[in-house]
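Student: I would like to go through a protein structure with you, looking at empty space inside and at how helices pack. Can we start from the model itself?

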Amino acid sequence: NYLPKLLKDSNDSWILKDSDVYLATDTSLSELFKELPWVKLCILQEDYVSEIIEQLQETMMKDWEEASKNSPSGGNKRTLATFSRTHFKIKFIEQSNSEQIVSTINQQIKELELEKSVSFINWVFEKYGKNLKEGSELSKVKFRLPDRNNIICPIDKLYLGNEYSNNYIAEKLFQETELKPLKRLDEIYKGERKEEFIFFLKTCGILQYPKIAAKSVLDNQNFEIFIYQTYVYNCDTSIKNIKYLNSKTIDNFEELIRSLDTEEIKEWLCGDAKLKRLILDDEKDEECYLNQNSRWYPIYFPANTYIKFVLNNTAWIKLKGKKYPPSKIIKYEKIGNKVEGYYGISEQALIKYLGKEIVLDFKLDFKDSIVALPDEDIRFFLDELPNFDTGEISRKLYLDIIKFKKDTIPKYDINNIKLLCKDGKFYPNTEIKYVARKISKDEEKNGKFINIPSKQSIETIKKWLGVERYKT
């Protein structure tokens, strides 16, 4: 089992036959075994490395050159590692980065070895924490850390609970997942650099907020319809087959938005940097495939489409004791909660409540006016206004229709709409007329005329409100 007593590892022990021996390049590892005596790792003493290389180059140059050819872009240590596989009873491993040895040590931590787990993550933090970059090989090591019940788990199966960084909604965000909360900070870190330690854990992959990933969302029929209506142009109405529909999303996202309080969602949307970046990014980099005439055609849309669809159409904004989705909130305070299912509020008040990011920067589907709603919703408002409006809302709605709808045709039936007239009362549109130019006081007194100023689009009033022009 032993080689001739020629080589010693960094722990001053003779190296055994068939050992994996690291050729260390990281000076931090010289203190490894003093601080973590439980580590079982064979690292060749540095002074041996240069001596072996020198002797091989002198005595076995041909074989050395062959090993060098099989070690592209590598130095002498990589060549030595390659050489050892065919010539030695031990295997040298060129430790070109810290990740190799750190990963090997991490694998030695077993399920209930709490002290080893805590001591190792503290050692890694002290040695590499300041310079660790997200996405680096070292940051990808799945460090084994304890959850609240002292069960050792890979770091990507843990999240920062409510005790960390005032993350008060963590428990709710992860409650329907398999992830476990990390053990309390004061039980795994005793140093003074607490915020740095937490940042280090995040860099290594522990979650503070749910993970965002591209997944199939074909099971959401409303979203599939939305994709057709929004991104499939000039599409044959007989086409109903989408084969592939992926979008960036979060597990249980719709249910989370439905169940969390408004303040909790505000904290999440504004605190989760990755989610915020996704919402703000409108680049079209997701795709679905559409079947037309037995051929599949790609349709492209922004990666944030599903996330914003859920935010826009799920009731999560609480106003006067009831929740509303952004798509049902109109930036017009006169409406208030007078129309069932909708809420009117000024933009200023909405910003004060939700913040500028959510109201403006995220470009959610808050409506600037009633006419920004779907046509059937506009018709619903026209039918509801006679029940409570004293005239101000109706007049604004009529003028907005004339201003914004003049080039379109309504998708609702214009029959039997009651409209506001100049006498302040509502009458069926079949009984009233529109005065396009000035008439006498007697004519105005004896007739029923819609409360719209003269010199407006006669055609738009007829198309959208079903009111004919008054002919003198």
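The questions and answers below deal with a cavity and two helix pairs in this predicted model.

Student: How many cavities of 30 Å³ or more does the structure hold?

Tutor: Rolling a probe the size of a water molecule over the atoms shows where empty space is left. For cavities of 30 Å³ or more, the count in this structure is one.

Student: What is the volume of the largest cavity?

Tutor: Residues that line the largest cavity include Tyr332, Ser369 and Asp400. The space they help to enclose has a volume of about 40 Å³.

Student: How do the residues lining the largest cavity divide into nonpolar, polar and charged?

Tutor: The lining consists of Tyr332, Ser369, Ile370, Ile393, Lys396, Leu397 and Asp400. Lys and Asp count as charged, Tyr, Ile and Leu as nonpolar, and Ser as polar. The division is therefore four nonpolar, one polar and two charged.

Student: Are H18 and H20 roughly parallel or roughly perpendicular to each other?

Tutor: Helix H18 covers residues 392-404 and helix H20 covers residues 458-465. They pack with their axes 9 Å apart, at an angle of about 115°. Angles of 65 to 115 degrees count as roughly perpendicular. H18 and H20 are therefore roughly perpendicular.

Student: Which residues of H20 make the contact with H18?

Tutor: The crossing of H18 and H20 is right-handed. On the H18 side, the contact is made by Tyr398, Ile401 and Ile402. The contact residues divide into six nonpolar, one polar and no charged. From H20, the residues are Thr460, Ile461, Trp464 and Leu465.

Student: Are H5 and H6 roughly parallel or roughly antiparallel to each other?

Tutor: The axes of helix H5 (residues 98-106) and helix H6 (residues 114-128) come within 11 Å and cross at roughly 170°. An angle over 145 degrees counts as roughly antiparallel. H5 and H6 are therefore roughly antiparallel.

Student: Which residues of H6 make the contact with H5?

Tutor: This crossing of H5 and H6 is right-handed. H5 contributes Ser98, Val102, Ile105 and Asn106. The contact divides into five nonpolar, two polar and no charged residues. From H6, the residues are Phe120, Val124 and Tyr128.

Methods. Residues numbered from 1 in each chain as written. Predicted model: local features only at pLDDT ≥ 70, side-chain atom pairs only at ≥ 80, totals over all residues. Heavy atoms only, no water. 1 Å grid on protein atoms, 1.4 Å probe; cavity = no way out; pocket = protein on both sides within 12 Å on 5 of 7 lines; lining within 4 Å. Points joined across faces, edges and corners; volume = space filled by probe spheres on them. Axes fitted to C-alpha atoms, helices over the stretch in contact; angles between N-to-C directions. Helix = DSSP H or I, 4+ residues; strand = E, 2+ residues; numbered from the N terminus. Parallel < 35°, antiparallel > 145°, perpendicular 65-115°, else oblique. Left-handed = near helix turned anticlockwise from the far one by under 90°. Contact = heavy atoms within 4.5 Å.
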